[in-house]
Amino acid sequence: KFRIPKGRLGVTRIGDLSPQDMKKIPTLALIELTALCDVLGLELKRNKAVKRKATEHKLFGVPLGTLLENDQKLLPNTRVPLILQALLSCLEKKGLDTEGILRVSGSQTRIKSLEQKLESNFYSGYFRWDEVHQNDVSGLLKRFIRELPTPLLTAEYLPAFAAVQNIPDLKQRLQALNLLILILPEPNRNTLKVLLEFLRLVVTREKKNKMNLWNVSTVIAPNLFMHKGLPNKIPEGKEKQLAEGAADVVRMMIHYQDLLWTVASFLVAQVRKLNESSSRKYYDRKFKNLLKKIHPDKDKTEKNHAEPPKTVKIQSLFLKDSLEVHLNNGTRAADVLKQCQKHLCQNGWNIVNTVNLIKCNGSVDPMNLLLYEVGGNICEHCLDPDTYLLDLYHENPHAEWIIRQNPSFPRTL
């Protein structure tokens, strides 16, 4: 199994960076993808979407953006359409062990009736999910993906996703897929993620549902890669080859999804440089030159200040006082979280707010704590537990480090 080699700064996952920093990632990823395609001799083709007529429906055939806009009026933090969450939740509760789930078609009459009932009653809360057939729900799930006005993988980059199968080296295939996922608009990326998580769950129940990774990939691929809004000119005799290629891309996305939902360290480094460059624009060049004349040893002084201190202060909302941590070459984020956990247990009276942090036996669950890097050359960055903090200090000496509660991410992301 292919794994990411961890550097001293750990692994950054999508969601670890602030929205402000993530907005910079797609442009950087596209530049990198273009360079990779040039090296591999691949043409980065892009489609232009054929406009489809606007639908009067509320749920099916509606753009992701519109669905989310409506859903966020009910639940402000919604990042994946509620109807998709409901379909997946229904299948997870009752359909994972159903033999041939996703592959065996439900009744087209019942599926159409189910769609109409959901259009009428979904938001009212009167719809009864316990009365539906699981194969009908899986059929409606596939229809939801197929009927999106623009492909989930986007019209523009669908050919690039399909072309990944032509890259012979696995590492480069995964690199290309990772960059393409980073380029996707956030609603598409979040929606694709929960779909892939569900598909992985289906595969884990293979012994009962008889749906292995290849079966699931083969069934789902046409719904992602064939779209009514795009011209599908398939050369004669190439149908089987293209279908298998698309299924293989879906297979990789399901199998390697944890790896694909990461932001490469060189992209994070470029974000830091962009932030530093943006900060410099706030200072007048002439004023800086004047300061240099008044303080000729300024650069030397800053160098000395860049040396790591023996201790750093880490803020925590759960403690009245900041936590002092001695940094050495072996200090990791996980060590700081353990130290905070120990401090919380020993100084219970100083705890300000520990809702959901305490286990039943009174101890603090370290899994509920996360260390964040805030400010300096990054807006906000949730740190991998294996991040070596002295290396991070050198990378961003002006940041603050803050311990926070681990936010829970159910299907609402």
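This report describes the fold content, one enclosed helix, the cavities and several individual residues of a predicted model.

The model is predicted, so local features are given only at pLDDT of at least 70 and side-chain atom pairs only at pLDDT 80 or more, while totals for chains, interfaces and linings use all residues. Residues are numbered from 1 along each chain as its sequence is written, and side-chain values use heavy atoms, with hydrogens and water left out.

## Overall composition

The secondary structure of the chain comes to 18 helices and seven strands; helices (H or I, at least four residues) and strands (E, at least two) are DSSP runs, numbered from the N terminus. The chain has 413 residues, of which 43% count as buried. Here buried means under 20% relative accessible area, exposed over 50%, and partly exposed in between, with a 1.4 Å probe and protein chains only. Among contacts with a separation of 6 or more, 77% join residues 24 or more positions apart, where contact means heavy atoms within 4.5 Å.

## Helix H6 and its surroundings

Helix H6 covers residues 134–146, which is 13 residues. From its first C-alpha to its last it reaches 18 Å, close to the 18 Å expected at 1.5 Å a residue; the expected span is 1.5 Å times one less than the number of residues. Because 12 of its 13 residues are buried, H6 is largely enclosed by the rest of the structure. The buried set includes the charged side chains Asp 136, Lys 142 and Arg 143, and also Val 137, Leu 140, Leu 141, Phe 144 and Ile 145. These buried residues of H6 pack against five helices, namely H3 (64–74), H4 (82–94), H5 (108–121), H9 (186–204) and H11 (213–225).

Ser 138 belongs to H6 and has a relative accessibility of 1%, so it counts as buried. Beyond its neighbours within four places in sequence, Ser 138 is in contact with Leu 91, Ile 101, Leu 102 and Val 104. One of these partners, Leu 102, lies in the loop between H4 and H5. Although Leu 102 is not a glycine, its phi is positive, at about 80°.

Leu 118, in helix H5, also meets H6 through Leu 140, one of its contacts. The other contacts of Leu 118, leaving aside neighbours within four places in sequence, are Leu 59, Phe 60, Ile 83, Phe 127 and Trp 129. Leu 118 and Leu 59 stand 59 residues apart along the chain, with their C-alpha atoms separated by 7.9 Å.

## Cavities

The structure holds three cavities of 30 Å³ or more. A cavity is a set of points on a 1 Å grid over the protein atoms alone where a 1.4 Å probe fits but cannot get out, and lining residues have an atom within 4 Å of a point. Points are joined across faces, edges and corners, and a volume is the space filled by probe spheres set on the points.

The largest cavity has a volume of about 80 Å³. Helix H2 (25–40), helix H7 (158–163) and helix H8 (170–183) each give two or more residues to its lining. The lining divides into 10 nonpolar residues, no polar and one charged; Ala, Val, Leu, Ile, Met, Phe, Trp, Tyr, Cys and Pro count as nonpolar, Asp, Glu, Lys and Arg as charged, and the others, Gly among them, as polar. Glu 43 is among the lining residues, as are Cys 37, Leu 44, Ala 160, Ile 167 and Leu 180.

The structure holds zero disulfides, a disulfide being a pair of cysteine sulfur atoms within 2.5 Å.

## Loop residues after H6

Thr 154 lies in the loop between H6 and H7. Its phi is positive, at about 70°, although Thr 154 is not a glycine. Outside the four nearest places in sequence, Thr 154 is in contact with Leu 184, Pro 185 and Asn 188.

Gln 165 is placed in the loop between H7 and H8. Gln 165 touches Gln 241, Leu 242, Gly 245, Ala 246 and Val 249, not counting residues up to four places away in sequence. Gln 165 and Gly 245 are 80 residues apart in sequence, yet 5.7 Å apart in space, C-alpha to C-alpha.

## Accessibility of selected residues

| Residue | Relative accessibility | Class |
|---|---|---|
| Cys 37 | 9% | buried |
| Leu 102 | 0% | buried |
| Leu 118 | 0% | buried |
| Thr 154 | 12% | buried |
| Gln 165 | 23% | partly exposed |
| Cys 340 | 0% | buried |

Key. 1 Å grid on protein atoms, 1.4 Å probe; cavity = no way out; pocket = protein on both sides within 12 Å on 5 of 7 lines; lining within 4 Å.
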